[in-house]
Amino acid sequence: EIHPSAKEGSKAVAQEIATLIREKQAAKQNCVLGMATGSTPKYLYAELVRLHKEEGLSFKNVVTFNLDEYYPIEPDALQSYNRFMKEQLFNHIDIPEGNYHIPDGTVPKEKIKQYCEDYEKRIEAAGGMDLQILGIGNNGHIGFNEPGANINSHTRLVTLDNSTRLANAYEFPNMSQVPRLAITMGISSIFKAKSVILMAWGSHKAKIVRRSVEGHSTDQVPASLLQQHPNCKFVIDEQASQEL
Ligand code: GLP
């Protein structure tokens, strides 16, 4: 789905989410959403906040699971995805505390395996994700599933590619402070979502969007594995579509 701009694309995705939330409200069910971070979903979250404040969209029946978090990191660190989600979305809507889940970057290393297994179980207990929102890294990563991530991978501790650390270095005082590790949902965790929307904006994403959509499906480009998902779409702006 190609929109003239990131703002328009984000508004369209926000409308889809609002419709899903309202359908679930009418059926007296929870709406389970998978959330992404990075610069890509910022307009989407701003639009969801606007829909809440100006159009009365309630998030009381919404349960969310975030894709990933740096490791180790304190939840209130400037670069933490926990902090990002609160600042961009959760602090501004009526989602009950306890309904949102973000991987914890402070879990002791020896407890991470169990923590990740429990994270998967919490998603299952919530009924699985109705919709997973994704961005895309320049190397095709989704969440922090870097090239080579197995299609059967679950939530786990991963090592970040140097290219990812470089791409995200702008968030940190210097490169040496960019964490080398992260907790991320796996490809199989993402695949269990009933529907997936990957968003990409800007000409710097055009190449990897083409590779993911038109190239063969390979774990060397994690986003290209989404070709195998039964209900996935890419929502992009004109700039990100210029190589298609
Ligand atoms: C980050 C996140 C991903 C995100 C991607 C793209 O490292 N872990 O979830 O989709 O990289 O980031 P951006 O949206 O800033 O381009």
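This is a short talk about one predicted model, going from its annotated domain to its sheet, one helix and the ligand.

Hi everyone, thanks for coming. Let me start with the record. UniProt, in an unreviewed entry, lists residues 5-228 as "domain: Glucosamine/galactosamine-6-phosphate isomerase". Across residues 5-228, the chain of our model is 35% helix and 15% strand. The C-alpha atoms at the two ends of that stretch are 27 Å apart.

Now, the sheet. If you have the structure open, look for seven strands forming an open sheet, with parallel pairing. Reading across, the order is S1-S10-S9-S6-S2-S3-S5. Which strands stand at the edges? Those are S1, residues 2-3, and S5, residues 100-101. Each of them has a single partner strand, so one of its sides is left without a neighbour in the sheet. As a quick reminder, strands of a sheet pair through backbone hydrogen bonds.

Let me stay with S6 for a moment, residues 131-134. In the strand order, S6 sits between S9 and S2. Towards S2, residues 31-35, there are two bridges, and the two strands run parallel. Within that pairing, Gly34 has Gln132 as its bridge partner. Towards S9, residues 195-200, there are four bridges, again with the strands parallel. On that side, Leu134 of S6 is opposite Leu198.

So are the faces of S6 covered or open? Both faces are covered. Leu131 and Ile133 are buried on one side, and Gln132 and Leu134 are buried on the other.

Next, a helix: H4, residues 112-125. This helix has 14 residues and spans 20 Å from first C-alpha to last, close to the 20 Å expected at 1.5 Å a residue. Which residues of H4 are buried? They are Cys116, Tyr119 and Ile123. Viewed down the helix axis, these buried residues fall within an arc of 50 degrees, so they line one face of H4. On the face turned away from them you will find the exposed residues Gln114, Lys121, Glu124 and Ala125.

Finally, the part I suspect you have been waiting for: the ligand. How many residues surround the ligand? There are 14, and the closest are Gly38, Ser39, Thr40, Gly135 and Gly137. By character, the shell divides into nine polar residues, four nonpolar and one charged.

That's my tour, and I'm happy to go back to any part of it with you.

Notes: Residues numbered from 1 in each chain as written. Predicted model: local features only at pLDDT ≥ 70, side-chain atom pairs only at ≥ 80, totals over all residues. UniProt positions renumbered as here; feature names shortened; annotations may be inferred. Pairing = 2+ DSSP bridges. Near = placed C-beta within 6 Å. Nonpolar A, V, L, I, M, F, W, Y, C, P; charged D, E, K, R; others polar. Expected span 1.5 Å × (residues − 1). Buried ≥ 20, exposed ≤ 12 C-beta atoms within 10 Å, placed from the backbone. Arc of directions from axis to C-beta.
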